[in-house]
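Notebook open, coffee poured. I wanted to look up a few things in this model and jot them down as I went.

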Amino acid sequence: MAQLRAPSDEQRQQEALHGEHDDVSAGNESNKKARAGLSGVLRERKVVELARAKRRLVEVPYTATLAHTANALLAAGVSAVAVAAPPGHWIGAGGSMILESDHSTGAVRKHYIGLVNLLDILSHIADAGDDSDEVAIDDLDRRMAVPVSSVIGHSLEGLTLWTLHPNTSVLDCMETFSKGVHRALVPLESSSENVVAVELVESSPGYKMLTQMDVVRFLFARGAELRDVMSRTVRELGAVNDACVLAVHGGAKVIDAVKAMRAAALTAVPVVEEDDDDVGDETLLDGTGKKAIETFSATDLRDCPVSWLQPWLGMSVTEFKRKVAEYRASNTAVVLGADATATGVPAVDADTPVSAVFDTGEVEEGKEQQQPKLVTCSPASTLGEAIEAVVTRHVHRLWVVDEEGLLRGVVSLTDVLRAVRVAALGEDRELQSIVSP
């Protein structure tokens, strides 16, 4: 549903902290301290400042087929698109009413009913192979011909369409993103007041899509100001998820890997070397302590042309990765005119450098395809090193390995944002203890 973030306990604490004090000079001094450091940087910057630098929202109409949508994802280099429908006929994801209105008249033009990501499409395709190892060509064509509106909600992200008020601070935005929400719509002009509520109606002349990567890039650009937290290790900050790293063998069939990733709600897994200890029929296995050789991700499947999905889904993951790499090397994205999504929004809209602080490219997911097979870090890597790696290598996770190159965990963008937010709140508590009587 559309969310206007309600202040949390730490926000109310800050309101008390920044409120009027009997001692004016002491209050001014505490406010100066609050504006400095990690929490100050994250609180002063608003999400609309990050969102304005982004290109126009990539969307598809509710009548678009899955094949059409998959081609739009490929052409635009993104992993999710908003789905637009005529107003007044739909209940949006989570019961929300996220509307686009005419800038001059205020008349509602369209209603965003949900978000469709690659996992939704892959889940739909994977269902075709429940009784066989391969997907028949005619069955795949039939499944890819269904309207995109019919698959909204196959994944949690598509079912819950998030919005952030333009005046939401980066710190409060990180509360949402640190819980696993990967992207949210930001209205450039909001008709809703920034109130303490969950709003079911949001209307704006236009929206931009803000992602976890955008916030991480912001942190990377402000590295000098955030050097205290950036110099701490990912292990010290609790950013390493080492409970269990689910992985696949290179010999696993793509269709089986897709089904397993769907069931586990994963968009990427490491591909590990097979050894004699691995037994059983499970596609996903605990990769902890194993040698990772590459990554198998939703990006690989997105970059596979729809017409080639059928013959490629029965391949091994290793062979599929090789085929996709060959395709990427020999082909460039085709822009099918100015209205490839049939909504008035070009499928590929050239990114214009708006600021040296923010890379306006919304194709960071696509850039992952040009990078080496595996991007790793160690538990002793600093947060600054981890953030630099994900930003410059255009990946959304780092596999954590030990001195011998064996898997010990993963650091995702969600983990990074959660760690930074916790550090910022810890700084707030320390400041509170200083200024409180």
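I started with the tail: over residues 333–372, pLDDT (the predictor's confidence in each residue, from 0 to 100) stays under 50. For that stretch the model has 91 contacts beyond four places in sequence, a contact being heavy atoms within 4.5 Å. Residues 1–34 also stay under 50, with 63 such contacts. The chain averages a pLDDT of 76, and 71% of the residues score at least 70.

A note to self: this is a predicted model, where local features need pLDDT of at least 70 and side-chain atom pairs count only at pLDDT 80 or more, while totals for chains, interfaces and linings use all residues. Residues are numbered from 1 along each chain as its sequence is written, and side-chain values use heavy atoms, leaving out hydrogens and water.

Next I looked up glutamate 100, which lies in strand β3 (residues 97–101); strands are DSSP runs of E, at least two residues, numbered from the N terminus. Is glutamate 100 buried or exposed? I noted it as buried (under 20% relative accessible area, 1.4 Å probe, protein chains only) because its relative accessibility is 11%. Among the residues that glutamate 100 touches are Arg109, Lys110 and Tyr207.

Then I turned to the open sheet, which has 4 strands in the order β10-β8-β9-β11 with mixed pairing; two strands pair if DSSP finds at least two bridges between them. I found β10 (285–286) and β11 (292–297) at the edges, each pairing on one side only. Strand β8 (residues 246–249) runs antiparallel to β10, joined by 2 bridges, and alanine 247 stands opposite leucine 285.

Key:
Buried means under 20% relative accessible area, exposed over 50%, partly exposed in between (1.4 Å probe, protein chains only).
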